[in-house]
Amino acid sequence: MTETNDVRIVPLSKEHLDEVVRIERASFSDPWTRGMFESELDVAARGYARAAVRAGKLVGYLFAVIIPDEAHLGNLAVRPDARRQGIARRLLGELLRDGRRSGVRRVTLEVRESNGSARNFYYRNDFIDIAIRKNYYRSPVEDAIVMYRILPEDPSE
Ligand SMILES: CC(C)(COP(=O)(O)OP(=O)(O)OC[C@H]1O[C@@H](n2cnc3c(N)ncnc32)[C@H](O)[C@@H]1OP(=O)(O)O)[C@@H](O)C(=O)NCCC(=O)NCCS
């Protein structure tokens, strides 16, 4: 069931970073550092960062780069106690909508091979596996699956 009516998707700013880093550490074995998030925000021209906020608190975030007809999704996470409520779907939906408006035709991302929940989330959102990058991740070393979704030219499709 989707219960995201009380969640707002807003541009992510430096004020969100304390909560971003907390959620990141709770979500990944090899979390991005605060400095990595800061530099993502600094590439403002190509970067895309959105926060999901409920009652003034960050519950999820998405970072992507638009290059320029492709969006590469670099990071997506939802606070553990807010999962399975449709928040990641809302964040992805916003990227797809904004991306289409600026000419994005495909979305790519890497995901750990063992990350079944994320892979299932992406399959449910019309992504397919297209490649394997051997030993792409550290802590622990693991292959990445490259996933891909094509966007229709006509946004009504
Ligand atoms: C992957 C992740 C972002 C999904 O966020 P979420 O807000 O819980 O996802 P949603 O509620 O929008 O899920 C939409 C659908 O995706 C699928 N899905 C999501 N989480 C799933 C899980 N743990 N197991 C199986 N399917 C899952 C389901 O089909 C779900 O619909 P349903 O709840 O009606 O069955 C979240 O689990 C997370 O933050 N994981 C840790 C970080 C991570 O792995 N990020 C991805 C890195 S590439």
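**Entry 1: Leu-91**

I started with the contacts of Leu-91. Leaving out residues up to four places away in sequence, Leu-91 touches Ile-9, Arg-50, Ala-52, Gly-60, Leu-62 and Leu-76. I count two residues as in contact if their C-beta atoms, placed from the backbone, lie within 7 Å.

I note that this is a predicted model, in which local features need pLDDT of at least 70 and side-chain atom pairs count only at pLDDT 80 or more, while totals for chains, interfaces and linings use all residues. Residues are numbered from 1 along each chain as its sequence is written.

**Entry 2: the nonpolar core**

I looked up the core next. The largest nonpolar core has 36 residues, and Ala-52, Tyr-61, Leu-62, Leu-73, Ile-87, Leu-91 and Leu-95 touch the most other members. At least two residues each come from β1 (7-11), α1 (17-27), β2 (47-54), β3 (57-66), β4, α3, β5 and β7 (142-150). β3 supplies the largest share of this core, six residues. A nonpolar core here is a set of buried Ala, Val, Leu, Ile, Met, Phe, Trp, Tyr and Cys residues joined through C-beta atoms within 7 Å. Buried means that 20 or more other C-beta atoms lie within 10 Å of the residue's own, exposed means 12 or fewer, and partly exposed is in between, with C-beta atoms placed from the backbone.

**Entry 3: Leu-73**

I then took one core member, Leu-73, which is found in strand β4. Leu-73 is classed as buried because 23 other C-beta atoms lie within 10 Å. Leaving aside neighbours within four places in sequence, Leu-73 is in contact with Leu-62, Ala-64, Leu-95, Val-107 and Leu-109. I also checked Leu-92: its C-alpha atom is separated from that of Leu-73 by 9.1 Å, with the two positions 19 residues apart along the chain.

**Entry 4: β4 and β5**

I checked how β4 and β5 pair. They run parallel and are joined by four bridges; pairing requires that DSSP finds at least two bridges between two strands. His-72 has Thr-108 in β5 as its bridge partner.

I followed the side chains along β5. Val-107, Leu-109 and Val-111 point to one face and are buried, whereas Arg-106, Thr-108, Glu-110 and Arg-112 point to the other and are not. In a regular strand the side chains alternate between the two faces of the sheet.

**Entry 5: Gly-56**

For contrast I looked at a loop residue. Gly-56 lies in the loop between β2 and β3. Gly-56 counts as exposed because it has 6 other C-beta atoms within 10 Å. The C-alpha atoms of Gly-56 and Val-7 are separated by 9.4 Å, although the two are 49 residues apart along the chain.

**Entry 6: the ligand**

I listed the shell around the ligand: 19 residues surround it, and Arg-83, Ala-88, Arg-89, Ser-117 and Ala-118 are the closest. A residue is near if its C-beta atom, placed from the backbone, lies within 6 Å of the molecule. β4 (70-78), α3 (87-101), β5 (106-112) and α4 (116-124) each supply at least two residues of the shell. α4 gives the most, with five residues.

**Entry 7: the whole chain**

I closed with the overall counts. The chain has four helices and seven strands, taken as DSSP runs numbered from the N terminus (helices H or I, at least four residues; strands E, at least two). Buried residues make up 26% of the 157 residues. Among contacts between residues at least 6 apart in sequence, 59% join residues at least 24 apart.
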